[in-house]
Protein chains: 2
Amino acid sequence: MSRKGSLIIISGFSGAGKGTVVKALTAAHDNYALSISATTRQPREGEEDGREYFFKTTEEFEELIRRDELYEYAQYVSHYYGTPKAYVQEQREAGRDVILEIEVQGALAAKKKNPEALLLFVTPPSAEELKRRLIARGTESMDVICARLARAKEEAKLMDQYDYLIINDDLNACVEEIHQLVMREHLRMEENLDFVSRIRQELKDMQ
Amino acid sequence: MSRKGSLIIISGFSGAGKGTVVKALTAAHDNYALSISATTRQPREGEEDGREYFFKTTEEFEELIRRDELYEYAQYVSHYYGTPKAYVQEQREAGRDVILEIEVQGALAAKKKNPEALLLFVTPPSAEELKRRLIARGTESMDVICARLARAKEEAKLMDQYDYLIINDDLNACVEEIHQLVMREHLRMEENLDFVSRIRQELKDMQ
């Protein structure tokens, strides 16, 4: 298939299992590419430019902002993080469905620049289950867990702006649900106008 | 699930295999109901009111038109044919996904009254294959086949107004494709606002 890949933007509460879902999705199907973020922070040991991140100087990053070459960006702890358009576009042109795992504000900003993007919100079946998963990780203090639940409350205010709700109850079911959604995107009429032109011409030629 | 069923409007070239696809779809999955048309023509032997058609007098039918109780209607050979809203709505309220197999003009009219409907256009992979299937039926004269191809040429002019293109190459693949499309529809955020309200409340109650 030489057709263009889709852009899939995935957000969800911290603890919803987004990361696991995305990992399982890309492991199970080879049509996906993960978007790679740009950052001005230093590479950590083992990190490679163009694999974990595109590492940029502050000047380079601000140049990307000026040229509108990022879908979204934000500053955390004096470092920039953002999503370069170029890599996503290259991958889509090559026919790959690109996944952007990103927080809510950034996701909505990216959707504005790409109205055709699939905006997916991943959630556990209930707030109780979200809390349970956060506690089960065993890596975070109760303070951090409370902060995440407070953040989830804020994110929930915007979740209705997403296109699809993905309830992550069973991991495999959830992964296949997302995959089917992406596959179905390719059946959209807008993505098949070449076929339409061809069959119109063929029908004309038959008369 | 007590949620409302979807409305699926299926059109396609005569010879595309719509009828077979719809039959296989409803046989394979029990979430579907077929819309039943109303007509003013006389019942044929074995036909039952409310099964093959809702049989109406001309006065009754014109009353349905006046009251805007049809999604679409047309007149053929001095008889009316149309799609009553009431039956479709009842079935959807009962949670069934209702299939409306209908020609192009009627489909586009029905979509206008139901913007949330899934509008699917079924086509063979090529015009050549369409012709082959029409001939293979062996029941029609070359004149009828030519008339159908001429009609297909007209219908092709409107096919880009559909939401999804379904290429009926392999019957089973085609049926599953449509079924997955319908299932994915239920993941739309608009269909899950109850869930959103619930988890928002739960998250609030946790603070």
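This tour moves from the symmetry of the two chains to two helix crossings and a pocket.

The model is predicted, so local features need pLDDT of at least 70 and side-chain atom pairs count only at pLDDT 80 or more, whereas totals for chains, interfaces and linings use all residues. Residues are numbered from 1 along each chain as its sequence is written, chains are lettered from A and ligands numbered from 1 in the order written, and side-chain values use heavy atoms, with hydrogens and water left out.

**Stop 1: the axis.** Display both chains. A turn of 180 degrees with a shift of 0.0 Å along the axis lays chain A on chain B with an RMSD of 0.0 Å (least-squares superposition on the C-alpha atoms of residues with pLDDT of at least 70 in both). This is the relation of a two-fold axis. Select Gln180(A): in chain A, its C-alpha is the nearest to the axis, at 3.5 Å. Both copies use the same surface, as 100% of the contact residues of chain A recur in chain B (contact means heavy atoms within 4.5 Å).

**Stop 2: a crossing between chains.** Select helix H8 (residues 193-206) of chain A and helix H6 (residues 142-156) of chain B, whose axes come within 9 Å and cross at roughly 150 degrees. Helices (H or I, at least four residues) and strands (E, at least two) are DSSP runs numbered from the N terminus; axes are lines fitted to C-alpha atoms, for helices over the stretch in contact, with angles from 0 to 180 degrees between N-to-C directions. The crossing of H8(A) and H6(B) is left-handed (near helix turned anticlockwise from the far one by less than a right angle; clockwise is right-handed). Show Arg200(A), Leu203(A), Lys204(A) and Met206(A) against Leu149(B), Ala152(B), Lys153(B) and Ala156(B), which make the contact. It comprises five nonpolar, no polar and three charged residues (Ala, Val, Leu, Ile, Met, Phe, Trp, Tyr, Cys and Pro count as nonpolar, Asp, Glu, Lys and Arg as charged, and the others, Gly among them, as polar).

**Stop 3: a crossing within chain B.** Select H1 (residues 18-28) and H7 (residues 171-185) of chain B; their axes come within 9 Å and cross at roughly 65 degrees. H1(B) passes H7(B) in a right-handed crossing. Residues of H1(B), including Val21(B) and Leu25(B), meet residues of H7(B), including Cys174(B) and Ile178(B).

**Stop 4: the largest pocket.** Select Lys18(A), Tyr53(A), Glu101(A), Ile102(A) and Glu103(A), which lie nearest the centre of the largest pocket among its 38 lining residues. A pocket is an open set of points on a 1 Å grid over the protein atoms alone where a 1.4 Å probe fits, with protein on both sides within 12 Å along at least five of seven lines, and lining residues have an atom within 4 Å of a point. H1(A) gives the most to this lining, with six residues.
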